[in-house]
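Here is a walk through one structure, written for someone who would rather look than compute. Keep the 3D view open and follow along.

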There are 2 protein chains.
Amino acid sequence: MSDPVYIQIVEDIKKKVNSAELKPGDTVPPETALCKEYGVSRMTVRKGLAILAREGYIFSVPGKGSYVRKPEVNKYTLYYDEMNNAINSVDKARLLEVSIIMPDEKLADELKITRNKHVIMIRRLFYTEGSPVAYDVKYLLYNKGMPIVEEEIEKATFQEMVSSNIPIFALKKRLIISAQIPNEEIKRYLNIYDELALLVVEQKLYNNENKPIGIGITSYRGDYIKLQGSSD
Amino acid sequence: MSDPVYIQIVEDIKKKVNSAELKPGDTVPPETALCKEYGVSRMTVRKGLAILAREGYIFSVPGKGSYVRKPEVNKYTLYYDEMNNAINSVDKARLLEVSIIMPDEKLADELKITRNKHVIMIRRLFYTEGSPVAYDVKYLLYNKGMPIVEEEIEKATFQEMVSSNIPIFALKKRLIISAQIPNEEIKRYLNIYDELALLVVEQKLYNNENKPIGIGITSYRGDYIKLQGSSD
DNA sequence: AAGTGGTCTAGACCACCGC
DNA sequence: CGGTGGTCTAGACCACTTA
């Protein structure tokens with residue numbers, strides 16, 4: 001009962017779209033027509049249309065009208081936390097190495113820096129219930145004053161490592177997900193004796209100006225992790 | 001030049017959040033204060049705040065105020081199209097089998113149907129430049145009147161298979177991404193002789209009432225596909 | 001009671017589009 | 001030119017929170 005009028009408008013139009021009464025490309029009734037239909041002022045109608053627009057149902061063209069949008073069928077929302085996934089979570093992390101290195105050509109290129117800049121390398125193992133489940137390497141641009149406290153690094157997620165330097169809102173991230181066969185080193189670290197695939201997640205962090213500030217590569221045992229995404 | 005006022009408000013507040021002048025949990029100035037500050041009416045201020053809210057920067061509590069939100073650090077947007085990914089695209093598909101089956105217990109359970117319902121099974125191979133790159137199996141609830149035209153099925157994506165029955169807007173989808181070692185059958189289909197990991201994407205389609213209408217499992221050669229996601 | 005955000009009105013002017 | 005959406009005003013009433 002007593003939904004605001006603009007919600008009524010939103011749901012009425014959604015219903016028409018979902019039932020194919022309004023098809024992609026069709027025009028939505030003009031705002032003035034909806035004003036009359038619902039007996040409300042134009043701002044109220046516009047509030048409803050704004051919601052439909054941001055949810056991807058319609059788009060508006062100034063001077064022409066509003067149209068039903070073709071939905072983005074390939075878009076999904078994925079939640080990825082290197083320490084937690086839908087079926088498991090990391091309960092222990094072991095620091096293998098923290099060191100300051102000079103990047104090789106590939107790394108310098110990826111981080112968009114020259115090869116004489118310092119980079120922090122952090123290698124860790126993630127454990128669940130006593131068993132190693134992932135091998136993790138991170139490369140961070142070295143900033144003066146950056147604290148390298150081993151105890152803090154051990155359990156930190158990538159965000160946490162950089163968020164002392166960069167406000168989290170200013171952070172942009174990209175993921176690259178792939179399946180790979182472990183090399184001998186990773187097999188040893190993850191106690192892999194038989195054939196087992198790795199789910200490899202490469203995380204790349206950018207600052208506000210789209211300059212890379214870090215790269216992380218986490219190689220999960222394939223029997224440990226599943227990533228989940230959903231539309232809407 | 002000449003951005004509307006509400007955009008000015010949005011960008012000013014974004015700047016304050018990104019520079020940590022406003023931190024998560026802090027209160028945003030009340031609407032009336034912003035009205036005075038910018039010399040505009042309340043609806044204009046509210047339009048700006050609405051944009052900040054939908055972009056995840058702030059949230060509002062009736063009777064109290066608006067607050068800076070803690071950003072969702074683990075949320076990514078992923079584009080997945082079974083026929084196209086960031087580095088490759090399928091240029092040919094070969095139909096291995098279309099048949100109507102009775103589901104086994106596991107499948108019946110996943111589709112939330114009884115075991116006496118009919119299910120369409122479609123098995124395909126995807127090719128890129130003449131080489132097989134993925135093995136694809138789909139299970140669809142059988143609806144009377146559902147056309148099973150082999151030529152159409154061959155190149156159809158999952159959406160296309162069901163969209164003749166269900167308006168696309170009404171479709172919800174979930175993905176499960178994992179890394180696996182291929183079994184002997186898939187090795188044969190994908191010409192895998194050495195060790196090679198598979199990136200397996202399970203797609204589950206639901207109708208408006210959240211009832212499953214189909215499951216698809218696409219097993220990609222690990223050297224063929226990389227999935228990409230990004231924050232924002 | 002005073003302050004907050006949520007809803008809504010009845011206008012206005014503008015830029016853009018198609019005829 | 002009339003119709004469209006985009007911006008904006010100066011009010012109003014409400015429910016809610018805090019004190």
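## Salt bridges in chain B

Let's start with Glu110(B) and Lys106(B), whose side chains meet in a salt bridge at 3.8 Å, N to O. Bear in mind throughout that this is a predicted model. The two residues sit four apart in helix α4 (residues 105-111) of chain B, so about one helical turn separates them. How do the partners fare for accessibility? Glu110(B) counts as partly exposed at 21% relative accessibility, while Lys106(B) counts as exposed at 61%.

Next, look at Arg123(B), in strand β6 (residues 119-128) of chain B. Arg123(B) is buried, with a relative accessible area of 14%. One of its partners is Glu97(B), and the closest N and O atoms of that salt bridge are 2.7 Å apart. Glu97(B) belongs to strand β5 (residues 92-101) of chain B, so the pair links distant parts of the chain, 26 residues apart. Glu97(B) itself is partly exposed, with a relative accessible area of 25%.

Arg123(B) also forms a salt bridge with Glu185(B), at 3.4 Å, N to O. Here Arg123(B) lies in strand β6 and Glu185(B) in helix α7 (residues 184-189) of chain B, so the pair ties together parts that are 62 residues apart in sequence. Glu185(B) is partly exposed too, with a relative accessible area of 31%.

Over in chain A, salt bridges that share partners join Glu82(A), Arg124(A), Asp136(A) and Lys138(A) into one network. Across all chains, a search of the whole structure turns up 24 salt bridges.

## A buried acid with no salt bridge

Now for a charge without a partner. Glu202(A) lies in strand β9 (residues 198-206) of chain A. What is the nearest side chain of opposite charge to Glu202(A)? That would be Lys204(A), 5.4 Å away, and Glu202(A) is buried yet has no salt bridge. A salt bridge here needs the two charged groups within 4 Å. Setting aside neighbours within four places in sequence, Glu202(A) is in contact with Glu110(A), Arg174(A), Leu175(A), Ile176(A), Ile215(A), Gly216(A) and Ile217(A).

## The protein around DNA strand D

Which residues come nearest to DNA strand D? Of the 26 around it, they are Arg42(A), Arg46(A), Tyr6(B), Ser41(B) and Thr44(B). Sugar and phosphate make up 65% of the strand D atoms that come within 4 Å of the protein.

Both chains supply this surface. From chain A, α2 (31-38), α3 (42-54), β2 (58-61) and β3 (65-68) each give at least two residues, as do α1 (5-18) and α3 (42-54) of chain B. The most comes from α3(B), with four residues. By class, the surface near DNA strand D has ten nonpolar, nine polar and seven charged residues.

One spot to zoom in on is Gly63(A), where a backbone N or O atom lies 2.9 Å from a base nitrogen of DNA strand D. The contacts to phosphate oxygens are gathered in the table further down.

## The protein around DNA strand C

Turn to the other strand. DNA strand C is surrounded by 26 residues, and the closest are Tyr6(A), Ser41(A), Thr44(A), Arg42(B) and Arg46(B). Of the strand C atoms that come within 4 Å of the protein, sugar and phosphate account for 63%.

Here α3(A) has the largest share of the surface, four residues. The residues near DNA strand C divide into ten nonpolar, nine polar and seven charged.

Here are some phosphate contacts for both strands:

| Residue | Protein atom | Partner | Distance |
|---|---|---|---|
| Tyr6(B) | polar side-chain atom | phosphate oxygen, DNA strand D | 2.4 Å |
| Lys47(B) | polar side-chain atom | phosphate oxygen, DNA strand D | 3.1 Å |
| Lys47(A) | side-chain N or O atom | phosphate oxygen, DNA strand C | 3.0 Å |
| Val5(A) | backbone N or O atom | phosphate oxygen, DNA strand C | 2.9 Å |
| Glu31(B) | backbone N or O atom | phosphate oxygen, DNA strand C | 2.9 Å |

The elements that give two or more residues to the surface near DNA strand C are α1 (5-18) and α3 of chain A, plus α2 (31-38), α3, β2 (58-61) and β3 (65-68) of chain B.

## Two positive phi angles

Last stop, a pair of loop residues in chain A. Ala20(A) has a positive phi of about 65° although it is not a glycine. Ala20(A) sits in the loop between α1 and β1 (27-28) of chain A, and at 31% relative accessibility it counts as partly exposed.

Lys112(A) is also a residue other than glycine with a positive phi, near 55°. Look for Lys112(A) in the loop between α4 (105-110) and β6 (119-128) of chain A. Is Lys112(A) buried or exposed? At 65% relative accessibility, Lys112(A) counts as exposed.

Terms used:
Residues are numbered from 1 along each chain as its sequence is written. Chains are lettered from A and ligands numbered from 1 in the order in which they are written. This is a predicted model: local features need pLDDT of at least 70, side-chain atom pairs count only at pLDDT 80 or more; totals for chains, interfaces and linings use all residues. Side-chain values use heavy atoms; hydrogens and water are left out. Buried means under 20% relative accessible area, exposed over 50%, partly exposed in between (1.4 Å probe, protein chains only). Lys and Arg count as positive and Asp and Glu as negative; His and the chain ends are not counted. Contact means heavy atoms within 4.5 Å. A residue is near a molecule or strand if one of its heavy atoms lies within 4 Å of it. A polar contact is a pair of N or O atoms within 3.5 Å; within protein, one must be able to donate a hydrogen and the other to accept it, and residues adjacent in sequence count only if both atoms are side-chain atoms. Ala, Val, Leu, Ile, Met, Phe, Trp, Tyr, Cys and Pro count as nonpolar, Asp, Glu, Lys and Arg as charged, and the others, Gly among them, as polar.
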